[in-house]
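Let's take a walk through this structure together, one piece at a time. Have a look at it first, and then we'll pick a helix to start from.

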Amino acid sequence: MEGATNQSKNRKVILVVVLFILGILFFKGMFTPEQKPVAEVLDTENWNLPEANPVVRITNKKEREAAIEKVYATIDDAFWDRLGIGKSYIDVYQNPIGDGVIVWIGAIASPNAGYVYLISNNEVYAVSGDTTVLSPQVQSTSSISFSDVKDIGIFRVNDKATLYTLCLKDAESFRADGLVEKRIKEKVDDCKARFGR
């Protein structure tokens with residue numbers, strides 16, 4: 001009889017504990033604010049973002065090739081030949097502050113440095129100070145400065161997919177230069193390590 005009484009007390013204690021826990025969970029649910037999905041929490045309407053134009057890469061193959069060829073035609077051939085790996089990342093973008101296109105010649109090693117040109121009204125103008133080194137006869141422009149294209153420079157640095165592809169092309173060029181497979185593999189491994197592939 002005493003054992004039955006103890007079992008009854010134990011059941012009551014367990015029932016009270018369970019009810020207590022359920023009560024806490026119930027009240028917690030009532031007074032805890034509902035969690036919204038991240039997309040709803042981020043109020044992008046009120047972000048204080050700069051009014052900068054986004055970087056737009058020219059993707060039309062004919063337009064890109066024509067712009068690059070136009071710049072090639074203005075550059076001193078001897079200097080261009082000496083530039084070598086410094087021209088490993090050439091790309092074409094819309095002018096972020098006006099008409100025309102930007103042709104940016106640089107190296108994978110430092111994609112936001114290099115030689116920057118503006119093509120406007122079928123004329124080629126130097127944008128960065130180094131640009132005139134390639135061809136002193138190229139006139140500078142006051143309509144755009146190197147700081148106006150800094151977002152393109154940042155874009156180039158962060159465009160890991162393109163940098164990785166170009167890096168692999170460099171590695172493949174080693175084969176044409178007659179380098180041994182070990183050196184080519186080292187270059188490929190270096191590409192993977194640098195650009196997170």
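Start with helix α3, which covers residues 61-74 of this predicted model. At 1.5 Å a residue, its 14 residues should span 20 Å, and the C-alpha atoms at its ends are indeed 20 Å apart, so the two figures agree. Now, which residues of α3 are buried? They are Ala67, Ile68, Val71 and Thr74. Looked at down the axis of α3, these buried residues fall within an arc of 120°, so they line one face of the helix. On the other side of α3 you'll find Lys61, Lys62 and Ala73, which are exposed. The cover over the buried residues includes β1 (89-94), β2 (101-107), β3 (110-120) and β4 (123-126). Before you leave α3, check its N-terminal end: Asn60 caps it, with a side-chain oxygen 3.1 Å from the backbone nitrogen of Lys62.

Let's step back to the whole chain. The protein has eight helices and four strands, and from the N terminus on they run α-α-α-α-β-β-β-β-α-α-α-α. Of its 197 residues, 31% count as buried. Among contacts between residues at least 6 apart in sequence, 48% join residues at least 24 apart.

What about the inside? In soluble globular proteins, nonpolar side chains tend to be buried together. Here, the largest nonpolar core has 20 residues, and those touching the most other members are Val71, Val103, Ile105, Tyr117 and Leu134. Two or more residues of this core come from each of α3, α4 (77-83), β1, β2, β3 and β4. Val71 is one of the buried residues of α3 we met earlier. As for Leu134, if you set aside its neighbours within four places in sequence, it is in contact with Ile75, Asp76, Phe79, Trp80, Leu83, Tyr115 and Tyr117. Another core, of 18 residues, lies apart from that one, and among its members are Val116, Leu118, Val127 and Cys167.

Cys167 also turns up among the contacts of Phe195. Is Phe195 buried or exposed? Phe195 sits in helix α8 (residues 181-195), and its relative accessible area is 8%, under the 20% cut-off, so it counts as buried. Not counting residues up to four places away in sequence, Phe195 touches Ile108, Lys160, Leu163, Tyr164 and Cys167. Compare its position with that of Asn158: the two are 37 residues apart in sequence, and their C-alpha atoms are 9.5 Å apart in space.

Next, swing round to the loop between β3 and β4, where Asn121 and Asn122 are found. Most residues other than glycine have a negative phi. Asn121 isn't a glycine, yet its phi is positive, at about 50°. Asn122 isn't one either, and it has a positive phi of about 65°. Asn121 is exposed, at 73% relative accessibility, and Asn122 is exposed as well, with a relative accessible area of 57%.

Finally, how far can you trust what you see? The average pLDDT of the protein is 78, and 79% of the residues score at least 70. Confidence is highest in β1, at 94, and lowest in helix α2 (residues 38-41), at a mean of 32. Over residues 31-51 the pLDDT is below 50, and beyond near neighbours in sequence this stretch has two contacts in the model. Where pLDDT is low, the predicted coordinates should not be read in detail.

How values were computed
Residues are numbered from 1 along each chain as its sequence is written. This is a predicted model: local features need pLDDT of at least 70, side-chain atom pairs count only at pLDDT 80 or more; totals for chains, interfaces and linings use all residues. Side-chain values use heavy atoms; hydrogens and water are left out. The expected span of a helix is 1.5 Å times one less than its number of residues. Buried means under 20% relative accessible area, exposed over 50%, partly exposed in between (1.4 Å probe, protein chains only). The arc is that of the directions from the helix axis to the C-beta atoms. Contact means heavy atoms within 4.5 Å. A polar contact is a pair of N or O atoms within 3.5 Å; within protein, one must be able to donate a hydrogen and the other to accept it, and residues adjacent in sequence count only if both atoms are side-chain atoms. pLDDT is the predictor's confidence in each residue, from 0 to 100. A nonpolar core is a set of buried Ala, Val, Leu, Ile, Met, Phe, Trp, Tyr and Cys residues joined through side-chain atoms within 4.5 Å.
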